[in-house]
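User: Hi! I'm new to reading protein structures. Could you walk me through a helix and a sheet?

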Amino acid sequence: MDDRWTPDEGASRPSPHDRGPGEGAEARPAPPEGPQDSPAPRRNPYVIPSADAQKPAADRPYAPPVGPWPPQEPAAGAADDRPAPSAPGAAPPAGPAADSPAGGGGAPPAPEAPARDEGLSWPPPAPQGSGPAAGPPASDPAPADPEATLPAGPATPWSADPWPSVPGAGAPAAHGPARQEDPESTLPAGGAPAGSGGPSAEDAFAHRAASEPVHEPAYEAAYEPAAARAGADPAAPAGAPSAPYEDPRKEPGYLDETSNPAFPPPSGPPAGGAPPSGTPPFGSAPFGAAGGAAASGAPGGGPEGGPHGSPSGDGRAFPPPPAPPGPGGPHRGEGAPGPEGGEKKRSRKGPLIGIGAGVLVLALAGGVTGWYVLARPSGPEEAAASYAGAWSEQDYKAMSALTADGGVQDVLGPLQENLGVEKSAIEVGEVVEKGDNAAEAPFTATLSLSNAGDWTYEGAFSLVRDGAEWKVDFGPASVHPDLAEGATLVRANVWGERGHILAADGSRLDTEDASGSVRMLTGQVGAATAEDLERLGPAYKEGDPTGLGGIQQQYEERLAGEVSTSIRVAETGSEEEAAADPDAPVVGTVEGKPGKDVTTAIDPGLQSAAAAAVSTGGKPTALVAVRASTGEVVAVANNSADFNRAFDGQYAPGSSFKIVTYESLLEKGLNPSDTMSCPKEALGFKNAGDAAYGQQSVTEAFATSCNTALVQDVVNRISGADLTETAELFGMNADLNIGVPTREPSFPDPAGDSGLLAAQSIGQGRIISTPLHMATVPAAVADGSWRSPALVTDPELPDKPKPAAIPHAEALRPMMRAVVTEGTAKKAGFQGEVYGKTGSAEFGTASGEDEELQTHAWMVGYKGDIAFAVVVEGGGGGGSVAGPVGAKFANTF
């Protein structure tokens, strides 16, 4: 049926605890007529009874009922498939799998397994029984459904006891295999009130002990006053457990074993065999079920004859709370003395109460100590230390919170900007109290000023008591003793001698008669502008000398040194006038330091040769030379003054990049003795002048710069990732870090695009390089390792990469030599043993199909330990235009 609850007139929402696993809620029986007892609240049996328990009933406080009042009646004629509750005094319905203890009368069927109660752990039980077994023997427990919390069986009214009652306790018990129980569990102690005449839990316990050949543990009451013993059931045998003392004002309640660490949840059957049947575990009876004998005077019912101690048999009364097992465990063995006969066993309640009392005493003691420590006012020393710490961190917001009136940002903010304070360190001396509500804290302040040294001075600030706290009485004088309201501090700077830029031999490069190419490297010194001040900071003012461009700007701090600074008092709004006024009051000075030199790798002789070589061409030309064994940049030349093409000019490298491509092919198995085919056209590419050379050796194809031979081998032998890896081996896709800013060479990975791979293998496509980077390519072949270039040698450049070995440099050298001796650079005019590679890099966009693109002319090579790269912007053929420029340079050494 539909398990959704539909409110009818007078109906109540079903409880979620009435659900079985995996199914809807069982239909709830209609509320019984007449007054109802409220569900008993849960009570911990280990709580010591209050003093009210000893008072007469008339003097005890009234405990109002908890449940709804009055109970709601179901709507007349409403459909209800729930089993009706038993009438007062009625016997439970018979079931096919249960007999009464006397052999007659049926036990109530087992209820549907209720849904798991979050936070509780219910052991999967098996039916209990005494007398002739109707199911498997006790030694072979019935398997339990791991999702069920109660034994499966025919449905029973929700008010019925979920565990069959103990035989002889006023309710029938089911036959069947013995239920495995928690070895820590006990039979709930308690019974009928004195004088009620009904059988108690003690009666059931004694009856079962006499009828079952099981070693039964003896139980003792946790607390049993004389009044309780006097009213005990006289029928209870000696040694049967007595009910613990109950507060007469309260109804019996459960002890939740999941909340008591003394009783862990069951993890399996107890050692030594099955536990005694009829002993329900702690917390096994759910809400609304009785865990043994009825809690009323009538057999099997309450005062009104209900089956479970409720006025009308609805099962809403709780069973008495279980007594904890004794120190010997739940199974003490046969013949163990009971609480009223023989040696008395120790109760667990005493140690638990003692532990709880100890914890409470410690908690109270800790609370008192914490209150004393936290509530007592902090002294002025703590306040002064906190204030100095915030000042050292330049945390003006935190400083304001430690002052009586704030205003820290208004004073220290402008002062920090005027002086260029980069770091503060405040040390507090011994705080002196002046009366009960005032104190003074001396301090020493050390301020690190930009482009200057440290300024140290002494001062003091006052503290006042503000209620239970001490706070700083802040004002300008608490920052510096010479400051007053409306005043601040400024600095006046006097620069010392500036450092110089030197060549490798120690000669100055930053002279007035230096060439244009050298000035592009060094930059120049000029007057600082307002825009420069934003970059330079408060150490500078307009007109101060500063570096502009090149090494002068890049190494400004080193070259300028530390300025000599005087700290002056100025009226707020007149800072510039005070800085320029020689009569302004000075409160401190910081002696400056002269600037330091910057040394480069520039070789003056090679630099002059490079400058002479590029001056012969009419088009923009740049030349860079590096020392192959170190990577040092020894010469840089430009014939155009608009910008430094040697470092910043970005061009496709053209066929000069084929050094990198052939290294990748050699790595993938190409042999210099192999034969290559050089047709007029291949894969959409042509050779310069539509040349076709037929079958060639690898060296011949390299020397003649055959495009068609190269692209065929590239697409058949290597991938885009292979060529990218080799390009990066030669320094592409990385910052060159030479000491001044330069452009980064770029080689995008042509992954999955064979056409782009072929184009980039001949130095076209999307490759971008510079003359500086291309000079390092032949240098790597000459040395056998690619080395990151360096223009500045002192100070040492940080984070320079380690040299990268070129595996096939030895095979590339004769190929590069053939370019000069019999290839495209044969007519360039090189003298001596020169190794090189020419290149013509197309650029721009053709307006027609037959129109040829313009080309940049390249020549790269090395002679001895000096490698070079030449680019002529829009020059045309590499061998005929850039080659002679390179030859003019190389023939000078």
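User: At 1.5 Å a residue, what should the 13 residues of helix 4 span, and how far apart are its end C-alpha atoms?

Analyst: Happy to help! Keep in mind that this is a predicted model. Helix 4 covers residues 380–392 and should span 18 Å. Its end C-alpha atoms are 18 Å apart, so the two values agree.

User: Which residues of helix 4 are buried?

Analyst: Start with the general idea: an α-helix has 3.6 residues a turn, so residues three or four places apart point the same way. In helix 4, the buried residues are Pro380, Ala383, Ala384, Tyr387, Ala388, Ala390 and Trp391. Because they cover an arc of only 160 degrees around the axis, they lie on the same side of helix 4. Just after this helix, Gln394 takes a positive phi of about 55 degrees.

User: Now the sheet. What is the order of the strands in the open sheet of 5 strands?

Analyst: The order is 16-15-26-25-24, and the pairing is antiparallel. Strand 16 (633–638) and strand 24 (835–843) each have a single partner strand, so one side of each has no neighbour in the sheet. On average, neighbouring strands are turned by 10 degrees against each other, direction ignored.

User: How many bridges join strand 24 to strand 25?

Analyst: There are 9 bridges between these antiparallel strands. In one of the pairings, Thr838 has Met859 of strand 25 as its bridge partner.

User: Which strands does helix 21 touch?

Analyst: Helix 21 (residues 878–890) packs on the sheet and touches strand 15, strand 24, strand 25 and strand 26. Its direction makes about 140 degrees with that of strand 26.

Note on methods. Residues are numbered from 1 along each chain as its sequence is written. This is a predicted model: local features need pLDDT of at least 70, side-chain atom pairs count only at pLDDT 80 or more; totals for chains, interfaces and linings use all residues. Side-chain values use heavy atoms; hydrogens and water are left out. Helices (H or I, at least four residues) and strands (E, at least two) are DSSP runs, numbered from the N terminus. The expected span of a helix is 1.5 Å times one less than its number of residues. Buried means under 20% relative accessible area, exposed over 50%, partly exposed in between (1.4 Å probe, protein chains only). The arc is that of the directions from the helix axis to the C-beta atoms. Two strands pair if DSSP finds at least two bridges between them. Axes are lines fitted to C-alpha atoms, for helices over the stretch in contact, and angles run from 0 to 180 degrees between N-to-C directions. Contact means heavy atoms within 4.5 Å.
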